[in-house]
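Colleague: I have a model open and want to learn to read it. Can you take me through some local features?

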Amino acid sequence: MPTLPSRSAGETTKLLSTNIKTQLSKFKLSYSTSLFPSNLINAFSKTPTTTASAPAAAAVKTIQIEEETPSQNSNCNKSKKAIAAAKLINTKPWAAPLESRLSTALTPLSQTVFFQTLRRIKTPSNALRFFNWAQSSGFTHNHHSYFIMLQILGRARHLNPARNFLFSIPKKSNNTVPLTDKFFNSLIRSYGDAGLYQESLKIFQVMKSMAVSPSTVTFNSLFSILLKRGRMGMVFELYNEMLKTYGAKPDSYTFNVLIRGLCMNSSVDEAFRMFKEMEKFDCKPDLITYNTIVDGLCRTGKVSIARNVVTGLFKKCDDLRPNVVTYTTLIRGYCGKREIEEALDVFREMIGGGITPNEITCNTLIQGLCESRKFDMIKEVLRECGRTIVPDTCTFNTMMNAHCNSGNLEEALIFFEKMKEMNVKRDSATYSVIIRALCEKGSFEKAEELLDELFGEEILLRGDNCTPIIAAYNPIFNYLCTNGKTKKAERVFRQLMKRGTHDPIAFETLIFGQCKEGNFQDAHKLLILMLRRDFLPSVKIYESLIDGLLKKKEANLAHDTLEKMLRSKYIPRASKFHGVLMELVEKEYAKESADLMGLMLEKEIRPNVNLSTDVVRVLFKNCMNDKAFEILTSLYGNSYVVNMEELVSFLCGGGKLVEAGEVLVFCLKNDQIVDLGLFDRVVTSLCKGGKALEGFRVYYELLEKDVRQSLGCIEDLRNALVDQGKLTEADFVAKRMK
C-alpha cells in the first residue's frame, strides 16, 4: 500500500464524506455494527444475501401462481384468519366481547392458525391470555405450543410469569406434557440474557430437584452465562458435575464456549488446556475454535503468537483456512498495541489471499489509525474496502470517537449530523459517544436533548449488534439526578437494563437521585434490582435510603432495607436499628418489631429501656404472649431491662390481668424490683375477675421471696379462693394470715 501525503483531520473528514456519498450511490447499507464489537464471531455470522434480478423474480412469481393448489388456498385462508385474530387481540382490551369474537372467527381452531396468531400478538400478557383462551375453548396444547409460549414470555423478559408458566405445565396439560430439559434450558437462557445469572442457577437447581437430567445444552447455556460474569470457579465446578455426575458428553460448542469464556477472562493457558482436551472427547476443532484462540491471545497482547497460530493453521489443516474473522481479529490485536504497520501488513496479506474485508475489518483498521492519529492513511483503507463495502454506522462512530478523544467536539457533531443527512442509522454507540463528549464540555442541555431523542425512538431497544454500555451514560445520569430529573434518567436506564446491560455506578446515582427527590419507594425498587444483579451497594446508599423511608413513615421498607444491609455484610449504626424499631413499634407491626429486636440482641446492639418496653407492649397487645416472654427472657439474659411497672400498668389497663400476673412472676424470678402496691393491684383485680388461682400464684411467688402483701389484699385473695372452690389454696393463705 503506497504512503499518501500527510493530511489534516479536517481534510480527512471532507475526503471521507465525499467517499461515502460516492459509495452510497452504488451500494446499499447492509447492517450496522457497534463502535467496539464485543463478539467478532457473532458480528461476522451474517453473510450478504444476493438479490435476484427483476426478470428472475417475476418468473418465480409466475411459476408460483401457476402451481397454486387447494392446499395452498387453505393455508392462505388460515393466514388471513390468524392476521385478523391477532389484529383484534392487539387493538381491543381483553374482555368477554373479544373472546366472543374470537370464538366466532376461529372455531374450530387449527394448529396452523393457533401458532400463526400467537406469533403475531404484540404483548406477552395477551399472548398468554390467548394461549389460555384456546385451551378453555377446546384446543389441545402439545409440547411445542407450551415451549413456544414459554419462549415468548422469556424473550420479552416477563421472567416471573415465564417461571410460573413453566411449573404450571404438568397441571395445565393433565400430565400429558412432561417437563424436559428443553423447557428449563429456555428459561435458564432467558434469565441469563437478562443478566440474572443467580436466577439461572436457581432454575438449574430446581430442574435437578425435579429429577430432570441436565443435558449438554443445559450446561452449555450455563457456561456461557457464567463466563460472561467472570465466574470461572463456578464453571469448572459445573464442568466436573457435567462429566462425573450426569455423564453428559461435551461437544464442539461446549469447548468453543469454554475456550472463548476463558480467553475473555484472560485465562489463555487454561483455554489451551481445554483446546487439548477436545481430542479426548472426539471433538475436532473448527474454525470458530481457532478464531477464539486467536482472539484470546490478541486480548492478552500476545498478537505475534496469535499470528503464528494462524500461520500454523495453513500448514496443519487442509480443510480449514483463516477467514475474515481471523484476519480482522489480528488487525484489532495489532491496532490495540498501536502497531499499525503490522496491522496494515495483515490487511495486505488478507487482500492478497483473496479474502474480502468487511465493514468490521474496515472500521477496526480505521479505529486503529484514528487512535494512532494516522488520519492520512484512512482514505487508502476506505478505497480498498470501498470496492465491496459502504462505510456504515461503525465507521462514523469510529471517526466521531476519535475526534471526541482529541477534544474536537465540533468535528464529531459534523459527522453526527452527516449521518442523518446521508440516511445512515444512528445506534446507541453513536449517541453515547456524543452525549458523553457534550457532558465533558459542560453542554448538558444539548446532551439532554439527544437523550430524549434516544429514548423516544427506542434506539436502545433495537435488536442490532450494538450492545449499549451504561457507563457511557453515567455523566448525563449524574447531571439529571443532580437537577431533579431522576425519573427521566431512570426511564433510559430501564431501557438499558432490558438489553441486559447493568452498571453499579448508574444504580447508585439513580438511587441517590430518587432519595434526593423524596421518591424513596422508587429508590427501594432500584436497590432490589441492584442486589438481584449481584452488585454491592455502598453503606451510604443504605443509610440514605433508611433515613428517607423513616421520614416517609415507611416502616416495613425501612426494615427490609436494614435487613438487606446486614446481608451485604455491613453492620448498621445503632441509631439506624433504633430508628427502624421505633417506626415499627409506632405502626404496631408486632412480628417485625420482635424480629428486629431479636436481631439487635444477636448483633449486640444495645436497646434502650423505653424501646424494649414498647416492643413487649406491642407483642402483648397483639396477643403474641409467647413471643413477648421470649423477648423478655432474651433481654434479661443479656443484662437488659424493661420498665416493668409501665408494662404491668398497661396490661391491667387493657384487661390483660393474667398476663400482668405472669409478668410479675417473671419479675420475681429475675429479681426485678417492682412497687409492692402493683402486686396488690394485680392480685385484687384477678380475684375480682374470677381468676383467684392466678392471683394465688403471684402471692405464692412473693412468699418465696419473703415479701409480705397488705392484709386487705390477702383477705380478698382468701375469700375469692373460697368463693371459687379452691379450698386447699384458701386454707394455705388463711394459715399464713395468723
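Modeller: We will go through one helix, some backbone angles and one helix pair. Keep in mind that this is a predicted model.

Colleague: Start with helix H33. How many residues does H33 have, and what should they span?

Modeller: Count residues, then apply the rise. Helix H33 covers residues 590–602, which is 13 residues. At 1.5 Å a residue, the expected span is 18 Å. The end C-alpha atoms are 18 Å apart, so the two agree.

Colleague: Which residues of H33 are buried?

Modeller: Buried means under 20% relative accessible area. In H33 that applies to Ala 590, Ser 593, Ala 594, Leu 596, Met 597, Leu 599, Met 600 and Leu 601.

Colleague: What covers the buried residues of H33?

Modeller: The cover includes helix H31 (555–567) and helix H32 (574–586). It also includes helix H34 (609–621) and helix H35 (625–637).

Colleague: Now the backbone. Where does phi turn positive just after H33?

Modeller: At Glu 604, with phi of about 60°. Look also at Glu 588, in the loop between H32 and H33. Its phi is near 60°, again positive, and Glu 588 is not a glycine. Lys 553 is another non-glycine residue, with a positive phi of about 60°. Find Lys 553 in the loop between helix H30 (539–551) and H31.

Colleague: Are Lys 553 and Glu 588 buried, partly exposed or exposed?

Modeller: Partly exposed runs between the buried and exposed cut-offs, 20% and 50%. Lys 553 has a relative accessible area of 40%, so it is partly exposed. Glu 588, at 31%, counts as partly exposed too.

Colleague: Omega next. Which residues does the cis peptide bond join?

Modeller: Thr 107 and Pro 108, with omega of about -10°. Pro 108 sits in the loop between helix H5 (96–106) and helix H6 (111–120).

Colleague: How do I read a helix pair?

Modeller: Two packed helices are described by the angle between their axes and the distance between the axes. Take helix H38 (residues 676–688) and helix H40 (residues 711–723): their axes come within 9 Å and cross at roughly 25°. Angles under 35 degrees count as roughly parallel, so H38 is roughly parallel to H40. The crossing is left-handed.

Colleague: Which residues of H38 and H40 meet?

Modeller: From H38, Asp 680, Val 683, Thr 684 and Cys 687; from H40, Cys 713, Asp 716, Leu 717 and Ala 720. By class, the contact of H38 with H40 has five nonpolar residues, one polar and two charged.

Terms used:
Residues are numbered from 1 along each chain as its sequence is written. This is a predicted model: local features need pLDDT of at least 70, side-chain atom pairs count only at pLDDT 80 or more; totals for chains, interfaces and linings use all residues. Side-chain values use heavy atoms; hydrogens and water are left out. Helices (H or I, at least four residues) and strands (E, at least two) are DSSP runs, numbered from the N terminus. The expected span of a helix is 1.5 Å times one less than its number of residues. Buried means under 20% relative accessible area, exposed over 50%, partly exposed in between (1.4 Å probe, protein chains only). Contact means heavy atoms within 4.5 Å. Axes are lines fitted to C-alpha atoms, for helices over the stretch in contact, and angles run from 0 to 180 degrees between N-to-C directions. Angles under 35 degrees count as roughly parallel, over 145 as roughly antiparallel, 65 to 115 as roughly perpendicular and the rest as oblique. A crossing is left-handed if the near helix is turned anticlockwise from the far one by less than a right angle, and right-handed if clockwise. Ala, Val, Leu, Ile, Met, Phe, Trp, Tyr, Cys and Pro count as nonpolar, Asp, Glu, Lys and Arg as charged, and the others, Gly among them, as polar.
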